[in-house]
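Notebook open, viewer loaded. I want to jot down what I look up as I go.

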Amino acid sequence: MPYRTEIATPAGTSPRTLLAGGWRGEVGTRNACLSTLSSDALSLLKPYLTETALREGSVLWGMTKPSSDVYFPTSGLISIVLPVSDGAFVEVGSICSQAAVGSFFDPSDSYTQGVVRIGGRCICIPAQKLFLAAKQNSEIENLMNYCRHWILKQAQQMAVCNAVHAADARFCRWLFQACERMDTDTVSVTQEMIASLLGIRRTTVTLIAQQCQFDGLIQYRRGKIAVLDRARLRAAACECCNVLARQHWPSTQMLDANASKSCEQS
Ligand SMILES: [Zn+2]
């Protein structure tokens, strides 16, 4: 039985109300997907972009909470989770600053939840505005397609991972991916949270973390894991790290597409 976790939206907050304050930063400089857009493409989006905090534990969308926004994280981590039983949730994908997530699909038919696992900030846009811009600009259309594909690719790979890969390899995979995607060697995460995301017992995670610490891969403090050797952590992780590696990130795909386009034009 997976560890039960409470996923609650902080009192008085919602994706829309979190947008108070509006956009004040340099658009596209901190989300890797937005930063690949040309000034023409970005100008179509800029009037509708707002910046907001990603508060740890906030539910951005869910079955009983449809959202009409798309989120471009600039820091932090958003988990895409599915309920399994008695309030437990298992992760089927995660999004950091290399991608976007939210109302890419029919929001009235959402069977997933988007939960902020590690707090940060993000840039938001109403999905309809993004869809309209995509009809006018192929870069934005490509961005949406790459992000949709990334979400589906992760969900498919997680189905394999959850079915056949060992718990310790999955623990290392989750931690390695969090470090790589957020470009950090310290992750603020509890053992309860990892147990819930992986659908395994908290006691199992404790044993795995102890072994990883003994092996010199990590150093665990309450609520924080410091990765001491990322290369060895990857070696201890399951093969999903390769399938979901950097070259498959939406931002990397967009950079590659831009490079190909430049070569064709020269
Ligand atoms: Zn795996």
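Which helix does M182 lie in? I found M182 in helix α5, residues 167-182. Helices here are DSSP runs of H or I with at least four residues, strands are runs of E with at least two, and both are numbered from the N terminus.

Ground rules before I go on. This is a predicted model, so I note that local features need pLDDT of at least 70, side-chain atom pairs count only at pLDDT 80 or more, and totals for chains, interfaces and linings use all residues. Residues are numbered from 1 along each chain as its sequence is written.

**Entry: M182.** Is M182 buried or exposed? I get buried, because 20 other C-beta atoms lie within 10 Å. The cut-offs are 20 or more for buried, 12 or fewer for exposed and partly exposed in between, with C-beta atoms placed from the backbone. Leaving aside neighbours within four places in sequence, I see M182 in contact with L77 and C96 (contact: C-beta atoms, placed from the backbone, within 7 Å). I also checked M182 against Q98: they are 84 residues apart along the chain, and their C-alpha atoms are separated by 8.8 Å.

**Entry: the core.** Next I pulled up the largest nonpolar core, which has 73 residues. Such a core is a set of buried Ala, Val, Leu, Ile, Met, Phe, Trp, Tyr and Cys residues joined through C-beta atoms within 7 Å. C33, Y71, V101, C147 and L175 touch the most other members. Helix α4 (residues 138-164) gives the most to this core, eight residues. I looked closer at C33: not counting residues up to four places away in sequence, its contacts include F72, Q98, L143, C147 and M254.

**Entry: sheet β2-β7-β4-β5.** I read this one as an open sheet of four strands with antiparallel pairing (a pair needs at least two DSSP bridges). Why is one side of β2 (59-61) and of β5 (88-95) left without a neighbour in the sheet? Both stand at the edges, each with a single partner strand, so one side stays free of neighbours. β2 is joined to β7 (residues 113-118) by two bridges, and V59 has V115 as its bridge partner. α4 lies across β4 (77-85) and β5, at about 135° to β5; angles run from 0 to 180 degrees between N-to-C directions, with axes fitted to C-alpha atoms, for helices over the stretch in contact.

**Entry: sheet β1-β8-β3-β6.** I found another open, antiparallel four-stranded sheet in this order. Five bridges join β1 to β8 (residues 120-126), and A53 stands opposite R121.

Key. Contact = placed C-beta atoms within 7 Å.
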